[in-house]
Amino acid sequence: MKSAAVDEQQPLDYLEQETNQITVAQASGSESASVDGQTVITIDDIDYVDRESLTADYSERDGMRAWFRGFGGSSSFSKSSTVYNGYDISNGGGVVGVDVSLAKNIQLGAYANYGQINLSQNSSDAGGGSWNPSGWGGGITADWWTENFYVQGLLGGTGFSGEQKRDIVAIADSWGSSTATGDKSSTSYVGAVRLGAPFDLGSILLEPQFSAVWTRNDENSFSESSSHSRLNLKYHSRTTNYFQTDLGVKLAYPLKTGDRGLVVPSLKVAWLRDWDQNNEAQKIGYTFTDRTISVDSNQDSQDGLLLEAGVDYTINNFGTTSFKVYGRGGLEFWDTSSRGTDWRASGGVTFQF
């Protein structure tokens, strides 16, 4: 604590001097206070303990935090038929949030997010298409942790909208060879939970993790328009659900840089599973009639392997704001040849007050 301007190096030098004095006293047989076998340094009636726990250094985050995350990824499905087309999806966006401590190890937060999706389908038999929506949303977060265990939760929602295009194959002379368009929108709700149990393994941090993410999409009905009005389709509203779990372990190696810096490279390996949610069929009909057909969901449970590497860089300032920047990148390998290898990446910055 300081009541006036003080050169930052002065308290660091004073702390080092006091530590050296205690070390000399211990060497000469003098008694000193200790907590769990760790030396306590008393400066102006305030006790300081030099803790060597990696998990303590890595999990300290009480107070208030402001943060930003950027993310992106891609996925593909190569198997095509007359009804079900192969597809390529890419996505990207950003999230900004604030967390506030309710107690030493409990935080609640709120966030706002923006995202874009680029979906394209290709089929020589039935014609291709695309949907390129964007959306805004937000939600709340909650964190509870101890030195060797934590639970994180999230609830949120995002509204997406964008133009859908469907290529109509040639049926006869002057029929087909056109593109039908429509304004497709949906509201996406997400709930997620993550559990972790970090512990020291010598100079390495080992962190078993489990996470589960549930997503619900309420898709609104819409009608197409094109130069061939009798070929336009009407898509009825429906609800789809998706559920993915992630069970793995994260290996990190904290490296101190200078007096205040901490670099933490990491590697994560995890078993992934996409669970079949038995989603309802999509009802489709022509715009000039009430008759419809139902196209069943082409969803199966799938298993995958995640390999992800990352690095964190933290600057801890004594008595002032600290910050951390990080980056992650990984690949998802799936047990079916029709689903290509997915990739995902994220990065961001956190300010600790």
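At 68% relative accessibility, Asn 278 counts as exposed, because the cut-off for that label is anything over 50%. Asn 278 sits in a loop, with β17 (261-275) on one side and β18 (282-286) on the other. Its backbone stands out a little too: the phi angle of Asn 278 is near 50°, a positive value in a residue that is not glycine.

All of this comes from a predicted model, so a word on confidence is in order. The protein chain has an average pLDDT of 84, and 81% of the residues reach at least 70. Residues 24-32 are another story, with pLDDT under 50 throughout. For that stretch, the model has 4 contacts beyond four places in sequence. Where pLDDT is low, the predicted coordinates are not something to read in detail.

Next come the aromatic rings. A search through the whole structure turns up 6 aromatic pairs. One of them joins Phe 77 and Tyr 87, whose ring centres are 5.7 Å apart and whose planes meet at 20°, so this pair is stacked. Phe 77 belongs to strand β4 (residues 64-77) and Tyr 87 to strand β5 (residues 86-103), so the pair ties together parts that lie 10 residues apart in sequence. As for cover, Phe 77 is buried, at a relative accessible area of 16%, while Tyr 87 comes out as partly exposed at 26%.

The rings of Phe 323 and Phe 351 make a tilted pair, because their centres are 6.3 Å apart and their planes stand at 35°. This pair links distant parts of the chain, with Phe 323 in strand β21 (residues 322-334) and Phe 351 in strand β22 (residues 342-352), 28 residues apart. Phe 323 counts as partly exposed, at 30% relative accessibility. Phe 351 is partly exposed as well, with a relative accessible area of 37%.

The surface also carries a nonpolar patch, with about 850 Å² of accessible area for its members together. Among them are Leu 102, Ile 106, Leu 108, Trp 144, Val 193, Leu 195 and Trp 271. Strands β6 (106-122) and β10 (178-196) each supply at least two residues of this patch. Phe 149 is another member, and its place is in strand β9 (residues 149-168). With a relative accessible area of 31%, Phe 149 is partly exposed. That value matters here because patches are made of residues with over 30% relative accessible area.

Methods
Residues are numbered from 1 along each chain as its sequence is written. This is a predicted model: local features need pLDDT of at least 70, side-chain atom pairs count only at pLDDT 80 or more; totals for chains, interfaces and linings use all residues. Side-chain values use heavy atoms; hydrogens and water are left out. Patches are made of residues with over 30% relative accessible area and no salt bridge: like charges are joined within 9 Å, nonpolar side chains (Val, Leu, Ile, Met, Phe, Trp, Tyr) within 5 Å. Accessible areas come from the Shrake-Rupley method with a 1.4 Å probe; for residues, only the protein chains shown count as cover. A salt bridge is a side-chain nitrogen of Lys or Arg within 4 Å of a carboxyl oxygen of Asp or Glu. Helices (H or I, at least four residues) and strands (E, at least two) are DSSP runs, numbered from the N terminus. Buried means under 20% relative accessible area, exposed over 50%, partly exposed in between (1.4 Å probe, protein chains only). pLDDT is the predictor's confidence in each residue, from 0 to 100. Contact means heavy atoms within 4.5 Å. Rings of Phe, Tyr and Trp (its six-membered ring) pair if their centres lie within 6.5 Å; planes under 30 degrees apart count as stacked, over 60 as edge-to-face and the rest as tilted.
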